[in-house]
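Work through the following exercises with the sequence and the coordinates open beside you, and try each task before reading its solution.

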Amino acid sequence: MTIALMPLPYAQDALEPHISAKTLEIHHGAHHKTYVDKLNAAIEGTDNAGKSVEEISKSASGPLFNNAAQVYNHGFYWHSLSPEKTEPSESLATAIKNDFGSMDALLEALSNEAVNHFASGWAWLVVDGGKLKVISTHDAGTAITSDVNPLLTIDVWEHAYYIDQMNKRPAYVKAVLENLINWKFASDNFDRGTAWTYPA
């Protein structure tokens, strides 16, 4: 079974002016596609052919892990963004208040994690042991290899923002947190209680 490049869940220009159509053209159409192509080439004719992106990510190492995890992370990231304003479900809003004190405190924690992460990686909001927690993973690292349930992620590789913001990662993170976070997606992940799966 060939792993597909999942389509964006919105039009390529839907996130403007915060993330440009040009950024999505390159980020999705080049970077994400390259990970998909390399993953398919690597698993062809092997025991991993026919396995899901999640299964490969959890069992692989080296370049195979890097490509599988990046396929998953990018698919998760596209869904973590929304061109429309969204709100957390009642259950997620309650958990945010209980575990962070307020939405503002959560957004500050996400901002700090994303902005201050050294080099390339991902900032995540996850459920860990029944509690909301903000974590980061390095390079291709993915939250699904840990015993947590990821709710949303922010890509802090430079290719996520360099065209629009040059090297100003804080400006990119601010734009995402204030305008683009898909709280419906996060709420669905929270209320379901299991990790999102990459579409076959």
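The exercises below concern a predicted model and deal with its strands and helices in turn.

**Exercise 1.** Determine in which order the 3 strands of the open sheet are arranged, and which of them stand at the edges.

*Solution.* Begin with the pairing, which is antiparallel, and read the strand order as β2-β1-β3. Next, count partners: β2 (131-138) and β3 (149-155) each have a single partner strand, so one side of each is left without a neighbour in the sheet, and these two stand at the edges. Finally, compare directions, ignoring sense: neighbouring strands of this sheet are turned against each other by 25 degrees on average.

**Exercise 2.** Describe the pairing of β1 with β2, and find the residue of β2 that stands opposite W122.

*Solution.* Strand β1, which covers residues 121-128, pairs with β2 in the antiparallel sense over 8 bridges. Within β2, the residue opposite W122 is T137.

**Exercise 3.** Place helix α8 relative to the strands, and then classify how α4 and α8 cross.

*Solution.* Helix α8 (residues 183-192) lies across β1, β2 and β3, and runs at about 155 degrees to β3. Turning to helix α4 (residues 90-100), its axis comes within 9 Å of the α8 axis, and the two cross at roughly 90 degrees. Because angles of 65 to 115 degrees count as roughly perpendicular, α4 is roughly perpendicular to α8.

**Exercise 4.** Which residues of α4 and α8 meet, and how do they divide by class?

*Solution.* From α4, S91, L92, A95 and I96 take part, and they meet W183, A186, S187, F190 and D191 in α8. Sorted by class, this contact has 6 nonpolar, 2 polar and 1 charged residues.

Technical notes: Residues are numbered from 1 along each chain as its sequence is written. This is a predicted model: local features need pLDDT of at least 70, side-chain atom pairs count only at pLDDT 80 or more; totals for chains, interfaces and linings use all residues. Side-chain values use heavy atoms; hydrogens and water are left out. Two strands pair if DSSP finds at least two bridges between them. Helices (H or I, at least four residues) and strands (E, at least two) are DSSP runs, numbered from the N terminus. Axes are lines fitted to C-alpha atoms, for helices over the stretch in contact, and angles run from 0 to 180 degrees between N-to-C directions. Contact means heavy atoms within 4.5 Å. Angles under 35 degrees count as roughly parallel, over 145 as roughly antiparallel, 65 to 115 as roughly perpendicular and the rest as oblique. Ala, Val, Leu, Ile, Met, Phe, Trp, Tyr, Cys and Pro count as nonpolar, Asp, Glu, Lys and Arg as charged, and the others, Gly among them, as polar.
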